[in-house]
Structure formats: C-alpha cells, structure tokens
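This report describes one protein model for a reader who has not seen it before. It begins with a single residue and then turns to other sites and to the chain as a whole.

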Amino acid sequence: MHIVIGILTGLISILYLLDRMGIDLGGLNPFYWRRRRAWARKYQGDPIYSIEDPVHVAAVLIVGVAKLDGDLTADSKKAALKLFKEKFSLDTGGASELLGSAAHLLGSPQVIDTQLAGLIEQNRDRFSREQAESMIQMTIDVASAGGALGTKQEDCIATMKTQLLPVENTTATWS
C-alpha cells in the first residue's frame with residue numbers, strides 16, 4: 001500500500017509542477033476533450049445540416065433547387081415570397097427573412113447539389129406525406145417561375161420525390 005501512495009504522490013507532484021510551469025493539463029480531462037471535439041465538429045461543419053425546423057428545411061430545399069441552375073431570378077424570389085406567405089402563414093418580413101436565411105445557408109453554388117442531397121437524406125422523417133407533396137409542388141413552382149426547369153433541377157426534384165414520398169404498395173398480398 002505504501003508503494004501505491006508513493007507512486008500517486010510522485011504523479012501528483014509531477015502534474016503540479018507541470019501546471020506551475022505553464023503547461024496546460026486541461027486536455028487530460030476526458031469530459032473536456034469530448035466537449036471540445038463536439039464543439040469543433042459543430043463549428044467546422046456545414047451549418048445547413050444543423051437545421052431542425054421543418055419550415056426552414058423546406059425553405060432551404062425550395063430555394064436550393066431554384067438556385068441549382070444559377071442565381072435566383074426576380075420571378076423566383078417573388079414566387080418564393082408569395083408561397084412562404086401563403087403556405088407557411090408568414091408576414092412579409094418573416095417571409096423575406098426566411099428567404100434570406102435560406103439563400104445564405106446554401107453558400108457556394110458548387111456544392112448546392114450535394115448539400116441538398118444530404119439535407120433530404122437527414123430530414124426525410126420530419127415530413128408527413130402531405131407536407132412532402134406540398135413542398136415538392138412549391139419547389140416546382142418556384143424553380144419554374146423564371147422559365148423552364150433545368151436538368152439539374154429536374155434531377156433534384158426526382159430525388160426529392162423518391163426519398164420523401166414513400167412508395168405505396170398497390171398489390172394486395174392478403175386475399
């Protein structure tokens with residue numbers, strides 16, 4: 001027992017001297033290390049994946065699909081604002097804030113398609129069938145407000161349909 005007490009005393013003395021010399025020993029705490037790693041992942045990660053509100057997720061998807069073929073046109077912005085007011089029951093200020101935050105979260109145009117695919121995958125269970133159908137229709141309306149849909153937009157809408165709308169089984173297995 002006296003050997004264990006001697007080893008612990010020596011270890012504590014070394015740690016105390018290292019602390020007094022200015023060497024940070026906070027990294028040895030496993031709880032601090034875990035909290036620091038979680039914060040670093042959240043800070044360095046893409047903020048689009050931290051969205052939890054279905055209204056904000058829908059707004060990002062709608063604006064993102066409209067931005068796939070380039071920047072938002074004035075017609076697309078007007079259509080998005082009108083739909084945000086009608087469907088999400090927002091006032092003019094709330095609708096413009098939602099549009100602005102969605103456009104800001106999308107960031108660089110080179111990664112919008114990968115962001116949208118990841119966002120759909122992460123949030124597929126947040127929407128009911130009716131909400132998904134409404135969101136897909138709103139996406140089509142906003143994306144086609146400036147003209148015909150592009151190929152990237154059509155592909156993304158098809159992906160949204162396959163991932164968000166469950167396939168209904170039309171054949172009966174029980175007779």
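Q115 sits in helix 6, which covers residues 112-122. The model is a predicted one. Is Q115 buried or exposed? Its relative accessible area is 4%, and because buried means under 20%, Q115 counts as buried. Leaving out residues up to four places away in sequence, Q115 touches D46, I48, Y49, L105 and L106.

K152 belongs to another helix, helix 8, made of residues 151-164. K152 has a relative accessibility of 48% and counts as partly exposed. Which residues does K152 contact, apart from its neighbours within four places in sequence? They are L68 and D69. L68 lies 84 residues from K152 in sequence, yet the C-alpha atoms of the two are 6.5 Å apart in space.

S89 lies in a loop, between helix 4 (74-87) and helix 5 (92-106). With a relative accessibility of 64%, S89 counts as exposed. The three residues described so far are set side by side here.

| Residue | Place | Relative accessible area | Class |
|---|---|---|---|
| Q115 | helix 6 (residues 112-122) | 4% | buried |
| K152 | helix 8 (residues 151-164) | 48% | partly exposed |
| S89 | loop between helix 4 (74-87) and helix 5 (92-106) | 64% | exposed |

The backbone of S89 also deserves a remark. Most residues other than glycine have a negative phi. S89 is not a glycine, but its phi is positive, at about 55°. A positive phi is also found at G22, just after helix 1, with a value of about 100°.

Helix 1 itself runs over residues 2-20 and has 19 residues. From its first C-alpha to its last, helix 1 reaches 27 Å, close to the 27 Å expected at 1.5 Å a residue.

The remaining points concern the whole chain. What secondary structure does the protein chain have? It has eight helices and zero strands, so the order of elements from the N terminus reads α-α-α-α-α-α-α-α.

The radius of gyration of the protein chain is 25 Å, whereas a compact globule of 175 residues would have one near 16 Å. The C-alpha trace spans about 80 × 55 × 30 Å along its principal axes. Of the 175 residues, 27% count as buried. Among contacts between residues at least 6 apart in sequence, 73% join residues at least 24 apart.

At the surface, the protein chain exposes about 11800 Å², and carbon and sulfur atoms supply 58% of that area. Its charged side chains comprise 18 positive and 20 negative ones. The centres of these two sets lie 7 Å apart.

Technical notes:
Residues numbered from 1 in each chain as written. Predicted model: local features only at pLDDT ≥ 70, side-chain atom pairs only at ≥ 80, totals over all residues. Heavy atoms only, no water. Helix = DSSP H or I, 4+ residues; strand = E, 2+ residues; numbered from the N terminus. Rg over C-alpha atoms; globule rule 2.2 N^0.38 Å. Buried < 20%, exposed > 50% of the residue type's maximum accessible area, 1.4 Å probe, protein only. Contact = heavy atoms within 4.5 Å. Areas by Shrake-Rupley, 256 points an atom, 1.4 Å probe, with all protein chains shown as cover. Lys, Arg positive; Asp, Glu negative; His and termini not counted. Charge placed at Lys NZ, Arg CZ, Asp CG, Glu CD. Expected span 1.5 Å × (residues − 1).
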